[in-house]
Protein chains: 2
Amino acid sequence: MTAEPPVPATGSTDGEPAQRRRRDAAETRQLLLDAARQRFARDGYAATTVRDIADDAGVNVALISRYFTSKEGLFEACLRAAGDELRRTTGQTPADRVPEAIARHIADLGAAGLSSQLSLLLRSSGDAGADEIRRAVLVRSSEQLAAARGWRPGEPGSEQLLLRAQMALAAGIGVAVLRSSIRLEPLSSATEQDLVGPLRDLVDALLPPS
Amino acid sequence: MTAEPPVPATGSTDGEPAQRRRRDAAETRQLLLDAARQRFARDGYAATTVRDIADDAGVNVALISRYFTSKEGLFEACLRAAGDELRRTTGQTPADRVPEAIARHIADLGAAGLSSQLSLLLRSSGDAGADEIRRAVLVRSSEQLAAARGWRPGEPGSEQLLLRAQMALAAGIGVAVLRSSIRLEPLSSATEQDLVGPLRDLVDALLPPS
DNA sequence: CCGGCAAGTCAACATATGTTTACTTGCGGC
DNA sequence: GCCGCAAGTAAACATATGTTGACTTGCCGG
């Protein structure tokens, strides 16, 4: 079927869709990143141990230090990845499709069953570097959101609009956390379809379409 | 001036408004509770150490175990206190005043400069008991919120209303966290006055006044 | 005034956790 | 085929942290 040499899966049955090459630094790095994003988003930074992450990824703990320098380096990498993802969404989305995009982000459990990456944005590591990255991501996202509704930097009376955009972002993040981390019902089992209506009402109320 | 015996303050100048009696279990307990609520809300459960809390409260670490059994016992006590406070608010507030009440909760830094207690509600200790308390608080609050807008338990099509109430609650919590924990500007320095307008729009959009 | 007891202190302990170091394994070019 | 080097492993280390137990202090009723 494939040119890949037969590789014994970690467990007895091959659970992973793409069987991994046996020694591949890039893939191992990605496995760690995925496992860390999920853990950090769901449990928070301090509650997550590097051994948890390594076990989830099925690799050795020491590789975290090797590939990301430290636990905090790994966290910063996660933050950057989530930021890129979010920027891609808010950048490409036309103004009137923002609620759908947010709803998809919240409802989306990702390819690997990830908790929403939005949750990651309010997790804090206590590290100044990570805090700065997260703040930058949030500032940029809220500015993109506000700009789509007419906000221009420095324009008088425009601060209001930025504030409202940040509140919309906060709402999305709050919903994501109550869903994926707290698991509040019925919010937790609501589908993307269930969420998009209320979210549209919410976003439109905060940021009236021009 | 007062019947209190002259008591040397902890520091050189008496910073506390009410000078504390030297050996008062009830007051010490409360000091711990206040310090813990602030720390847990701002930094999260795992990132907060019992020594931090004890130092903030100006008492010995061992008293945490004595008065609250364990760190988790203290956290549960904080959760209960925050729940009582929130219930008092959502219970007493007439339906059309809910946005103001939430805005006050978010903007209010409390008597002792506390971060908003709302933030506490999404902090997780990983402990099953604490999770259950938090879930109960959130469920009750969202039900009270939904009930004020016509929700009745089990009524068909009413689930929608509960979902929307939970999203409003999530929005409030999200704003509280981005304000007090992440310190996102300009959201962080917004006053109660700045917040109440957008919050009214938000709540009314999610839960239209009958 | 004083003895009992609650309130508070101190130091030690067990353990969990991030990180490092020395070692082993196996892939890929020659 | 085989050797070097990157990829991966295992164990040890230093430390931070929750908790406990023995000890001290000072308030209060008699």
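**How the protein meets its two DNA strands**

Student: How do the residues of the surface near DNA strand C divide into nonpolar, polar and charged?
Tutor: Keep in mind that this is a predicted model. Near DNA strand C you get 7 nonpolar and 6 polar residues. The remaining class on that surface is the charged one, at 10.

Student: Which residues are closest to DNA strand C?
Tutor: In total, 23 residues surround this strand. Both chains show up among the closest. From chain A come Arg22(A), Arg23(A) and Lys71(A), and from chain B come Arg66(B) and Tyr67(B).

Student: Which residue has a side-chain N or O atom 2.4 Å from a base nitrogen of DNA strand C?
Tutor: Start with the phosphate contacts: a polar side-chain atom of Thr28(B) sits 2.9 Å from a phosphate oxygen of DNA strand C, and for Tyr67(B) a contact of that kind is 2.7 Å. Those two go to phosphate oxygens, whereas the 2.4 Å pair goes to a base nitrogen. The side chain there belongs to Arg66(B).

Student: Which element gives the most to the surface near DNA strand C?
Tutor: Helix 2 (50–57) and helix 3 (62–68) of chain A each supply at least two residues, as do helix 1 (25–43) and helix 3 (62–68) of chain B. The top contributor gives 4 residues. That's helix 3 of chain B.

Student: Over on DNA strand D, what percentage of the atoms within 4 Å of the protein belong to sugar or phosphate?
Tutor: For DNA strand C, 50% of the atoms within 4 Å of the protein are sugar or phosphate. On DNA strand D, bases account for the rest once sugar and phosphate are taken out. The sugar or phosphate part for DNA strand D is 49%.

Student: Which residue has a polar backbone atom 3.5 Å from a phosphate oxygen of DNA strand D?
Tutor: In chain B, polar backbone atoms of Val50(B) and Lys71(B) each lie 2.8 Å from a phosphate oxygen of this strand. The 3.5 Å distance is found in chain A, at Asp24(A).

Student: And which elements give two or more residues to the surface near DNA strand D?
Tutor: Both chains take part. Chain A brings helix 1 (25–43) and helix 3, and chain B brings helix 2 (50–57) and helix 3.

Student: How many residues come from the element with the largest share of the surface near DNA strand D?
Tutor: That surface has 7 nonpolar, 6 polar and 10 charged residues. Its largest share comes from helix 3 of chain A. The number from that helix is 4.

Terms used: Residues numbered from 1 in each chain as written. Chains lettered and ligands numbered in written order. Predicted model: local features only at pLDDT ≥ 70, side-chain atom pairs only at ≥ 80, totals over all residues. Heavy atoms only, no water. Near = heavy atom within 4 Å. Polar contact = N/O pair within 3.5 Å; in protein donor to acceptor, adjacent residues only side chain to side chain. Nonpolar A, V, L, I, M, F, W, Y, C, P; charged D, E, K, R; others polar.
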